[in-house]
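Work through the following exercises with the sequence and the coordinates at hand. Each task is followed by its solution.

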Protein chains: 2
Amino acid sequence: MKQEKIPDVVVRRLPLYLRAVEDFDRREHAIVSSSQLGEWTGLTPAQVRKDLAFFGEFGKQGIGYNVKFLHEQLREILGLTTDVRVGLVGLGNLGRALLHHNVDARIDGSAVEGDPARWVPESLRIVAAFDVDPQKVGITYAQVPVYHVDEFAAKVRELDLKIVVIAVTPESAGAVASECVKAGVKAILNFAPVKLDVPEDVKVHSADLTLELQSLAFYTR
Amino acid sequence: MKQEKIPDVVVRRLPLYLRAVEDFDRREHAIVSSSQLGEWTGLTPAQVRKDLAFFGEFGKQGIGYNVKFLHEQLREILGLTTDVRVGLVGLGNLGRALLHHNVDARIDGSAVEGDPARWVPESLRIVAAFDVDPQKVGITYAQVPVYHVDEFAAKVRELDLKIVVIAVTPESAGAVASECVKAGVKAILNFAPVKLDVPEDVKVHSADLTLELQSLAFYTR
DNA sequence: CTATGTGAAGTGGTTCACAGCT
DNA sequence: AGCTGTGAACCACTTCACATAG
């Protein structure tokens, strides 16, 4: 292991490994091999090993990886061992659906089979929502308090929001992103169909439905 | 230009170019250069040129690209010049939000500034939804008829659905994907947090909220 | 004999740089 | 002079293959 910069592609695969390991844990495997993880995730065993090697030597040669140990390590690496508090801006249809998703995953949590709670670990949770609509401000939606966007900066600090989900109109998304940057938020999940201009040290992942559909359209001809 | 296989990364950027060109068109530019497109999309001019060169010689040396012509070519390439009919399986919170999104983008369509309709061209539209809940089957939600999943295969053929959006529970997603494959669907947008096993010739794009959030969490430590 | 960790080789996508057209 | 199209150089990630440990 060398503590160099971790490629983004690798970081994007980590949650996949986490999910795989949780599944093996649930199925009571004590040990997993890189081949098994590769099978599960659809990646090559070599890639699994290389990726994990960025962060340490988690396996035993000739044996494989201890499931519980690797699970803990991955949570550690991803920063999921402590609470990661998430804010949501924009309570339109999408924003509300995301809030429902947020609680649903928690409520059916203790349920059997497929156990959705596993997919949204306790540590990663939307704890505050923001909107401009006076009708929405002040209420509690899906167990999450809704504040006016004017309070955004203050609440980011007060609640120590680490990630912000942007689910507003394309026209407002840029302004919201600026607010995030000003407030010191380093990670943004953007659902608005616009490119957000942010400093290098702020990570933006975009979930742009239209872009996805349009590129899929290419493969239908 | 050489009619080789187009890399997936390139295909994923095409909708971005389309969006950029639409914006330049809206702002009444007759010509764009690869630098301008690069600026808009956040890519290098060289990459823009290389990408477009996969499909033909659309520009004029010393001049740039004709906006209207490039727009038309991109729509052609993406297969958006004819209707692309989309089906949605799963009418939970997320599915319903997607349907609203579907109409909203259309209704405010003629509005000014930022013009959301541009982001969801007429040609790409959810025209049928499916669920198992008898309460939902038979109604029309957000102007889209809701059928029972039992009718899925039949409706895919009847309505010529080209893309299917999966917004069901992780437990059912696999089965729905199989149905898609059987019905000949070649493109799937999957919102369920599971890996779908499909043949090579079927494209799956996954929009996995939890994966995105978890990988973002990495950058917050 | 099994499976990790890792240099070395390979692959594929990006950037450079320039010929050629306007 | 300005800008495209493209071979060549470059770079980054992936896969191979093997020394090493159990």
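**Exercise 1.** Classify the residues of the surface near DNA strand C as nonpolar, polar or charged.

Solution. The model is a predicted one. Sorting the surface residues gives eight nonpolar, nine polar and seven charged. Of the 24 residues around DNA strand C, those that come nearest are A:Ser34, A:Arg49, A:Gln61, A:Gly62 and B:Gln61. Next, assign the surface to elements: α3(B) supplies the largest share, four residues.

**Exercise 2.** Find which parts of DNA strand C face the protein, and list polar contacts to them.

Solution. Take the atoms of DNA strand C within 4 Å of the protein: 61% belong to sugar or phosphate, and the rest to bases. Then go through the parts in turn.

- Phosphate: a polar backbone atom of A:Phe58 is 3.2 Å from a phosphate oxygen of the strand.
- Sugar or linking oxygen: B:Gln47 places a polar side-chain atom 2.9 Å from one.
- Base: a polar side-chain atom of B:Arg49 lies 3.2 Å from a base nitrogen.

Finally, the elements giving two or more residues to this surface are α3 (45-53), β2 (59-60) and β3 (64-66) of chain A, together with α1 (8-26) and α3 (45-53) of chain B.

**Exercise 3.** Describe the largest nonpolar core and the surroundings of A:Ile163.

Solution. The core has 49 residues, and A:Phe55, A:Leu74, A:Leu88, A:Ile163 and B:Phe218 touch the most other members. Helix α1 (residues 8-26) of chain A provides the largest share, eight residues. A second, separate core has 48 residues, among them A:Leu209, B:Leu70, B:Ile77 and B:Leu99.

For A:Ile163, leave aside neighbours within four places in sequence; the contacts then include A:Val84, A:Leu124, A:Val185, B:Leu213 and B:Thr220.

Definitions and conventions
Residues numbered from 1 in each chain as written. Chains lettered and ligands numbered in written order. Predicted model: local features only at pLDDT ≥ 70, side-chain atom pairs only at ≥ 80, totals over all residues. Heavy atoms only, no water. Core = buried A, V, L, I, M, F, W, Y, C linked by side-chain atoms within 4.5 Å. Buried < 20%, exposed > 50% of the residue type's maximum accessible area, 1.4 Å probe, protein only. Contact = heavy atoms within 4.5 Å. Near = heavy atom within 4 Å. Polar contact = N/O pair within 3.5 Å; in protein donor to acceptor, adjacent residues only side chain to side chain. Nonpolar A, V, L, I, M, F, W, Y, C, P; charged D, E, K, R; others polar.
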